[in-house]
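Work through the exercises below with the sequence and the structure open. Each task is followed by a solution in steps.

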Amino acid sequence: MNMSKKVLLVGFGKLGESIANKIVENKHQLTVVKRSIVSPHHGITFINHDIRTMTPSSLLNEHYDDVIVCVTPNGRNKVAYQDIFLDGVLPFCKSINTDHIWFVSSSAVYEQNDGSEVNEQSPCSPTAFNGEVLLKCEN
């Protein structure tokens with residue numbers, strides 16, 4: 001028996017949209033938080049909200065089985081990364097009532113940058129600003 005879950009997806013770029021499609025295909029209840037307004041999609045409830053601002057009560061008053069965070073910064077610089085991940089994602093995740101948070105990060109948190117295999121046991125010693133910020137957000 002397939003139990004429907006209540007899922008909140010934060011971010012609806014290329015990867016977020018692909019994740020959303022799989023969630024809807026599996027008959028789960030999906031709410032998507034996105035910074036900009038999008039056209040309606042069957043089976044998805046959209047909330048237009050920037051997570052860097054105060055979390056709306058409509059999100060705070062709900063319980064979600066899973067929250068998936070799949071956001072991108074507004075630029076490829078340290079300030080933009082800190083803005084979305086440390087000033088946006090962290091407080092947002094602390095305010096949401098959920099059983100699980102799934103955070104889409106990057107291999108930039110690992111020290112390997114030579115094409116070698118990376119796994120969960122690989123040392124986390126990022127060498128670039130994006131990896132440093134993402135590792136802080138993960139922890």
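**Exercise 1. Ser122**

Task: State which side chain makes a polar contact with the side chain of Ser122, and where Ser122 is found.

Solution. The model is a predicted one.
Step 1. The partner is Gln112, whose side chain lies 3.4 Å from that of Ser122 in a polar contact.
Step 2. The Ser122 side chain also reaches a backbone atom, the nitrogen of Asn119, at 2.9 Å.
Step 3. For contacts in general, leave aside the neighbours within four places in sequence; Ser122 then touches Tyr110, Gln112 and Glu117.
Step 4. Ser122 belongs to the loop between E5 and H4.
Step 5. The relative accessible area of Ser122 is 10%. The cut-off for buried is under 20%, so Ser122 is buried.

**Exercise 2. Strand E4 and its partners**

Task: Determine which strands are joined to E4 by bridges, and in which direction they run.

Solution.
Step 1. E4 covers residues 63-69 and E5 covers residues 97-103; six bridges join the two, and they run parallel.
Step 2. The route from E4 to E5 passes through helix H3 (residues 78-95), and this β-α-β crossover is right-handed.
Step 3. Two residue pairs can be located between these strands: Asp66 has His100 of E5 as its bridge partner, and Val67 has Ile101 of E5.
Step 4. E1 is also joined to E4, by four bridges, and these strands run parallel as well.
Step 5. Val67 appears again here, since Leu8 stands opposite Val67 in E4.
Step 6. Burial of E4 follows from a count: five of its seven residues are buried, so the strand is largely enclosed by the rest of the structure.

**Exercise 3. The nonpolar cores**

Task: For the largest nonpolar core, identify which residues touch the most other members and which element supplies the largest share.

Solution.
Step 1. This core has 24 residues, and those touching the most other members are Leu8, Val10, Ile51, Leu59, Val71, Phe85 and Val89.
Step 2. At least two core residues come from each of strand E1 (6-10), E4, H3 and H4.
Step 3. H3 gives the largest share, seven residues.
Step 4. A second core of ten residues is separate from this one; among its members are Val7, Ile23, Val32 and Ile44.
Step 5. As background, nonpolar side chains tend to be buried together in soluble globular proteins.
Step 6. Helix H4 (residues 129-138) has as its buried residues Asn130, Gly131, Val133, Leu134, Leu135 and Cys137. The cover over them includes H3 and E5.

**Exercise 4. The aromatic rings around Phe85**

Task: List the contacts of Phe85, then classify its ring pairs with Tyr81 and Phe103.

Solution.
Step 1. Not counting residues up to four places away in sequence, Phe85 touches Val71, Pro73, Leu90, Phe103, Val133, Leu134 and Cys137.
Step 2. The count of aromatic pairs comes to four. One of them is Tyr81 with Phe85: the centres are 5.7 Å apart and the planes meet at 40 degrees, a tilted pair.
Step 3. Both residues lie in helix H3, four residues apart, about one turn of the helix. Tyr81 and Phe85 are both buried.
Step 4. For Phe85 and Phe103 the centres are 6.0 Å apart and the planes are at 85 degrees, so this pair is edge-to-face.
Step 5. Phe85 is in helix H3 and Phe103 in strand E5, so the pair ties together parts that are 18 residues apart in sequence.
Step 6. The accessibilities are read separately: Phe85, at 3%, counts as buried, whereas Phe103, at 23%, counts as partly exposed.
Step 7. Tyr81, Phe85, Phe103 and Phe129 form one aromatic cluster.

**Exercise 5. Lys27**

Task: Describe the phi of Lys27 and decide whether this residue is buried or exposed.

Solution.
Step 1. Lys27 has a phi near 65 degrees, which is positive, in a residue other than glycine.
Step 2. For comparison, most residues other than glycine have a negative phi.
Step 3. Lys27 sits in the loop between helix H1 (14-25) and strand E2 (29-34).
Step 4. With a relative accessible area of 65%, Lys27 is exposed.

Key: Residues numbered from 1 in each chain as written. Predicted model: local features only at pLDDT ≥ 70, side-chain atom pairs only at ≥ 80, totals over all residues. Heavy atoms only, no water. Pairing = 2+ DSSP bridges. Right-handed = clockwise from strand over helix to strand, strands pointing away. Buried < 20%, exposed > 50% of the residue type's maximum accessible area, 1.4 Å probe, protein only. Contact = heavy atoms within 4.5 Å. Core = buried A, V, L, I, M, F, W, Y, C linked by side-chain atoms within 4.5 Å. Polar contact = N/O pair within 3.5 Å; in protein donor to acceptor, adjacent residues only side chain to side chain. Phe/Tyr/Trp six-rings, centres within 6.5 Å; stacked < 30°, edge-to-face > 60°.
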